[in-house]
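Colleague: I would like to go through the labels on this model and hear what each one rests on. Please set the values against the cut-offs.

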Amino acid sequence: MAVDKERLEHLTRELLEAIGEDPDRPGLTQTPSRVAELYAELFAGVGEDPAVHLSRTISVAGGPAPDTLPSGAVVMRGIRFRSVCEHHLLPFAGVAHLAYLPGEQVVGLGSLVKVVETLAARPQVQERLGEQIADAVTANLDARGVLVVMDAVHGCVTLRGGRQPDASTVTVAARGELAEPAARAEIIALIGAAA
């Protein structure tokens, strides 16, 4: 579903008027169209299926060393993401670390980034975002295990309420073999090695 930019422009004008501003004053005349463009970008993932990014897999066993299956994890650290909290429509941003234990098929690393970006580009909460990423990878790859660790700073914490600019939130979503405490600890240690 595409964002209705015309409607967003109208609503932004109404919002400016509701807070006591004049949307026709210099400095604000372009704000409605700028907000419409921003929201189209921020919410581009609404209605998009993240599985499309995982549909093109690569056979490991069909490569130069046939009958070889990966024995260890694929770990992608430091995937930068940004999203918008569905509670206050304020931004949150941080890094996602994604690991999976592949079966016979792997996926291009850029595809993992696209899954994170697609699911982050919708009104969201961090806890659900990590779970959705883990579910998408689990459902669409022959992964034996998936682990998603996210660390983000939330506008609703830094800009309002307690106003804690240095506070971040870490969430963990685990599936399959990587839900086991020892395996999860090993991957989290690898992720921490990047810091």
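Modeller: Start with Cys85, which stands opposite Gln124 in β5. Strand β5 covers residues 123–124 and is joined to β2 by two bridges, the two strands running parallel. This is a predicted model, in which local features need pLDDT of at least 70 and side-chain atom pairs count only at pLDDT 80 or more, while totals for chains, interfaces and linings use all residues. Residues are numbered from 1 along each chain as its sequence is written, and side-chain values use heavy atoms, with hydrogens and water left out.

Colleague: What makes β2 and β5 a pair?

Modeller: Two strands pair if DSSP finds at least two bridges between them, and β2 and β5 have two. Strands themselves are DSSP runs of E with at least two residues, and helices are runs of H or I with at least four, numbered from the N terminus.

Colleague: Why is Cys85 called buried?

Modeller: Buried means under 20% relative accessible area, exposed over 50%, and partly exposed in between, with a 1.4 Å probe and protein chains only. Cys85 has 5%, so the label is buried.

Colleague: Why is Cys85 not in a disulfide with Cys156?

Modeller: A disulfide is a pair of cysteine sulfur atoms within 2.5 Å. The closest cysteine sulfur to that of Cys85 is in Cys156, at 4.4 Å, which is too far for a bond. Cys156 is likewise in no disulfide, and the count is zero.

Colleague: How do you know that Phe81 and Phe92 are edge-to-face?

Modeller: Rings of Phe, Tyr and Trp (its six-membered ring) pair if their centres lie within 6.5 Å; planes under 30 degrees apart count as stacked, over 60 as edge-to-face and the rest as tilted. The centres of Phe81 and Phe92 are 6.1 Å apart and the planes are at 75°, so the pair is edge-to-face. Phe81 lies in strand β2 and Phe92 in strand β3 (residues 91–101), 11 residues apart. Both Phe81 and Phe92 are buried.

Colleague: How do β2 and β3 pair, parallel or antiparallel?

Modeller: Antiparallel, over nine bridges. Arg80 stands opposite Val95 in β3. The β2–β3 hairpin has five residues between the strands, and Leu89 there takes a positive phi near 55°.

Colleague: What makes β5 and β7 edge strands?

Modeller: The open sheet has five strands in the order β5-β2-β3-β6-β7, with mixed pairing. β5 and β7 each have a single partner strand, so one side of each is left without a neighbour in the sheet. The partner of β7 is strand β6 (residues 145–154), antiparallel over eight bridges; Val148 has Ala173 in β7 as its bridge partner.

Colleague: What makes the link between Thr171 and Gln126 a polar contact?

Modeller: A polar contact is a pair of N or O atoms within 3.5 Å; within protein, one must be able to donate a hydrogen and the other to accept it, and residues adjacent in sequence count only if both atoms are side-chain atoms. The side chains of Thr171 and Gln126 are joined at 3.2 Å. Thr171, in strand β7 (residues 169–176), is buried at 13% relative accessibility.

Colleague: How do you know that the span of α2 agrees with the expected value?

Modeller: The expected span is 1.5 Å times one less than the number of residues. For the 12 residues of α2 (residues 31–42) that gives 16 Å, and the end C-alpha atoms are 16 Å apart, which agrees.
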